[in-house]
Protein chains: 2
Amino acid sequence: MKNGAVQIGLVGCGVVGNGVVRILQKNLELLEAKAGTKLHLAWVASRRKKPLPPIGGIRPLFTKNWRDVVADPDVDIIVELIGGEEPAKTVILSALKAGKQVATANKAVLARHWEEIFTTAQATRGLVYFEAAVGGGIPVVQGLNEGLAANRIQRLYGIVNGTTNYILTRMSEEGLRFSAALKAAQVAGFAEADPSFDIDGVDAAHKLAILASLATGGWVKVEDVHREGLTNLDLWDIKFARRRLGLVAKSLALADFNGDEVYARVHTTLIPENHPFATVRNEYNAAVIHGDAVGDVMFYGKGAGAMPSASAVVSDVMYLARQVAGGMAGRLPYVMFDGKRKLKILEPKNKQLRHYLRFSAADRTGILAAVTQLISKHDISISSVHQEDNTLTESDVVKKFVPIVIVTHEAPEGAVQAAIKESRRIRGLSRSPVHLRIESLG
Amino acid sequence: MKNGAVQIGLVGCGVVGNGVVRILQKNLELLEAKAGTKLHLAWVASRRKKPLPPIGGIRPLFTKNWRDVVADPDVDIIVELIGGEEPAKTVILSALKAGKQVATANKAVLARHWEEIFTTAQATRGLVYFEAAVGGGIPVVQGLNEGLAANRIQRLYGIVNGTTNYILTRMSEEGLRFSAALKAAQVAGFAEADPSFDIDGVDAAHKLAILASLATGGWVKVEDVHREGLTNLDLWDIKFARRRLGLVAKSLALADFNGDEVYARVHTTLIPENHPFATVRNEYNAAVIHGDAVGDVMFYGKGAGAMPSASAVVSDVMYLARQVAGGMAGRLPYVMFDGKRKLKILEPKNKQLRHYLRFSAADRTGILAAVTQLISKHDISISSVHQEDNTLTESDVVKKFVPIVIVTHEAPEGAVQAAIKESRRIRGLSRSPVHLRIESLG
């Protein structure tokens with residue numbers, strides 16, 4: 001506090017940081033009324049010099065070195081928006097150790113260093129708020145952490161990556177191939193030049209690890225999330241699933257909780273077309289939290305973009321500012337992390353799920369029988385078999401294939417993987433089948 | 001605080017109160033871990049003697065007189081679940097004046113006495129939490145009040161009454177008439193024996209007044225909400241709107257904000273069938289908050305029932321308990337009510353909306369021309385006219401009628417009301433038309 005105002009230091013001023021500055025410029029009076037205190041953007045640290053307008057009549061100091069901001073004893077709240085692991089992690093830990101409060105949008109640092117960050121926060125009696133780290137502007141972190149606090153969380157799932165959802169939407173609705181849809185996402189600004197972080201499910205795994213850690217009070221690590229990327233997804237399967245099975249392909253992050261047991265995974269999942277998630281399009285995100293008392297609660301909104309994410313960051317800054325101004329910051333922790341809480345991470349192997357398998361036969365004679373025999377041999381109960389007359393061309397070969405789709409009843413993942421592996425020995429199949437999970441989300 | 005535990009007094013132990021007791025019994029250890037303090041249900045006040053099991057090894061005291069609970073100096077938190085205006089209002093105010101914190105699910109008391117309650121809370125430095133008052137278990141109150149705090153709220157709307165949504169769902173999906181759907185709602189436990197409070201939109205108006213007051217920082221009174229009930233809703237229009245216009249009928253509570261101007265209303269509204277609200281069925285609730293930074297954020301879940309509402313109440317109790325245990329309760333107000341904030345409540349008259357009008361002609365000859373002339377005379381631009389060959393029987397008459405549906409472009413409510421009034425003079429029309437508003441909710 002200085003001159004009766006809570007002093008804010010912004011570290012990192014890219015897309016979201018600019019959004020934060022814009023909200024402060026536009027709504028400062030309203031924000032101060034709601035927060036019950038004056039707010040003063042004291043510092044902006046950024047690699048590149050920014051032309052910064054005065055906010056509330058005061059122009060923030062500028063530096064290229066974030067240490068200047070953390071070293072200023074007047075600064076109460078550090079807003080970390082650098083992204084990536086370093087120096088972001090050091091910024092957060094240094095800020096806490098300097099007795100400051102932190103707001104961050106950094107899912108990678110949180111997911112990978114949950115224990116260190118929240119142990120440090122407990123030790124320094126500091127607060128780390130991170131609403132923007134999951135679901136952009138949607139207040140799902142607070143909803144899970146506080147609004148549904150009375151509940152034992154039994155399951156949570158979400159569409160938490162805008163890039164993959166954008167790609168799947170364009171494929172599903174417009175029949176774009178994966179590569180064209182990815183290019184469209186890049187043109188629309190929803191995918192990075194190197195999109196692997198999103199496409200491979202790493203970003204979604206970070207977000208799921210954060211939500212699952214909040215839900216359990218322990219630490220679900222990124223490595224604990226069974227993760228499969230979006231690559232090699234075929235347009236044919238998306239179309240077939242929608243038209244013939246009434247199922248929509250979504251990249252889903254899902255965690256089940258049962259006592260100390262956690263089963264967390266990110267992969268392409270077929271969900272019923274009448275589920276609300278089927279209408280979550282493009283860059284929108286959604287999350288469902290299932291609590292033992294409340295049942296399903298869904299949150300939905302823009303999961304990406306400067307202003308939605310900045311909305312979450314500034315809301316965090318406002319709670320922090322209220323607590324700083326009231327002299328109460330850090331008296332109560334925000335995250336109930338219990339370092340002694342041991343979680344048992346389940347292997348996918350034994351998990352019972354429904355599966356979609358699409359085999360590609362060079363020639364159908366005898367192959368259908370061979371495939372169904374193989375499935376049965378692994379004790380997997382078949383729900384339906386679809387032989388399609390239409391042919392398809394695998395992306396990497398010229399030859400035409402006949403698709404054979406097998407939809408299973410609930411079967412252990414391990415048995416299905418074994419069957420897939422063994423299917424490579426069947427002559428006349430092009431390669432491993434396309435393998436998607438099916439969730440009724442009932 | 002007594003014996004290191006936060007002391008809770010439950011006043012009113014009906015459906016939701018029983019849910020609260022059940023959650024405390026089931027999850028006490030988890031709740032205490034999350035709240036960071038022991039919780040002790042010290043009292044239950046109820047008109048009828050309840051057999052109460054011990055919770056955490058301690059059996060709560062029982063009384064038929066709520067004053068016993070408020071008079072106990074050890075009680076920290078009063079949970080008011082009586083419902084209705086009195087004595088609930090007196091319970092809340094007495095609890096605040098006795099220096100206690102309050103959690104309540106009582107939308108009627110809050111909506112009707114917002115100013116008195118939050119002025120008293122500010123004076124006594126008490127907190128009143130009320131997540132269960134709107135949207136049952138959905139944390140929309142907190143989301144609006146805190147999670148989206150950085151935003152200037154420009155619009156909010158919701159399906160906030162489970163009874164009317166249940167009735168409309170059964171009518172729309174199963175072709176039940178209004179009276180049959182209402183009976184079904186009563187059998188399913190989603191409508192009271194006297195359903196007028198829900199059917200007439202009073203319950204929804206209470207909830208909208210609460211959300212609008214939170215959004216503005218002022219007080220939007222129940223009387224400020226333009227309200228129309230669900231009565232006289234015809235199955236024919238629901239079917240026609242869905243099949244021919246791609247619109248779904250929902251009882252919508254909606255408020256628009258522009259500076260100090262507020263326009264709030266509750267009535268049956270036709271919305272696009274691809275809007276997420278179209279999939280909000282039966283007793284489910286949903287709300288969309290539109291903030292200037294975040295855009296649309298939607299919350300969805302069970303809006304009624306013992307356990308969802310109790311989830312919200314117990315979550316409120318947990319925040320309160322954390323603050324009590326930390327010695328910080330009331331240091332910061334929960335609701336930013338500003339008694340000096342003057343709002344300008346807009347009259348519906350000048351509001352531009354799209355309208356659906358269904359006239360019933362005893363005989364079509366000349367009537368279509370008369371109706372369209374009348375509409376044009378009032379400067380209302382017509383989007384489409386539908387003459388249907390099928391006939392319909394008005395509920396109160398035996399004669400058959402030919403429906404004439406007029407869908408307008410945006411037109412002032414006042415002009416449409418004037419046209420409706422004048423239409424009574426056209427001979428051969430059965431009565432006033434069915435009048436519904438259309439919202440694209442884009």
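So, A:G217: just after helix α9 of chain A, this glycine takes a positive phi of about 80°. Keep in mind that we're looking at a predicted model.

Now back up into the helix itself. α9(A) covers residues 202-216. How far apart should the ends of its 15 residues be? At 1.5 Å a residue, they should span 21 Å, and the end C-alpha atoms are indeed 21 Å apart, so that agrees. And is the helix buried or exposed? Well, 14 of its 15 residues are buried, so α9(A) is largely enclosed by the rest of the structure.

Okay, on to the sheet in chain A. There's an open sheet of 6 strands, paired in parallel, and the order goes β3-β2-β1-β4-β5-β6. At the edges you've got β3 (61-63) and β6 (128-129), each pairing on one side only. Further in, β1 (5-11) and β4 (77-80) pair over 4 bridges, with A:G9 standing opposite A:I78.

Two helices to point out here. α1(A), residues 15-35, lies across β1, β2 and β4, at about 165° to β2(A). Then α3(A), residues 88-97, packs on the sheet too, touching β1, β4, β5 and β6, and its direction makes about 170° with that of β4(A).

Last bit: where the chains meet. The contact takes 49 residues from chain A and 48 from chain B. On the chain B side, the largest share comes from α11(B), with 9 residues. By type, that side divides into 25 nonpolar, 15 polar and 8 charged residues. There's strand pairing across the chains as well: β12(A) and β12(B) run antiparallel over 5 bridges, and A:M298 has B:Y300 as its bridge partner.

Key:
Residues numbered from 1 in each chain as written. Chains lettered and ligands numbered in written order. Predicted model: local features only at pLDDT ≥ 70, side-chain atom pairs only at ≥ 80, totals over all residues. Contact = placed C-beta atoms within 7 Å. Nonpolar A, V, L, I, M, F, W, Y, C, P; charged D, E, K, R; others polar. Pairing = 2+ DSSP bridges. Expected span 1.5 Å × (residues − 1). Buried ≥ 20, exposed ≤ 12 C-beta atoms within 10 Å, placed from the backbone. Axes fitted to C-alpha atoms, helices over the stretch in contact; angles between N-to-C directions.
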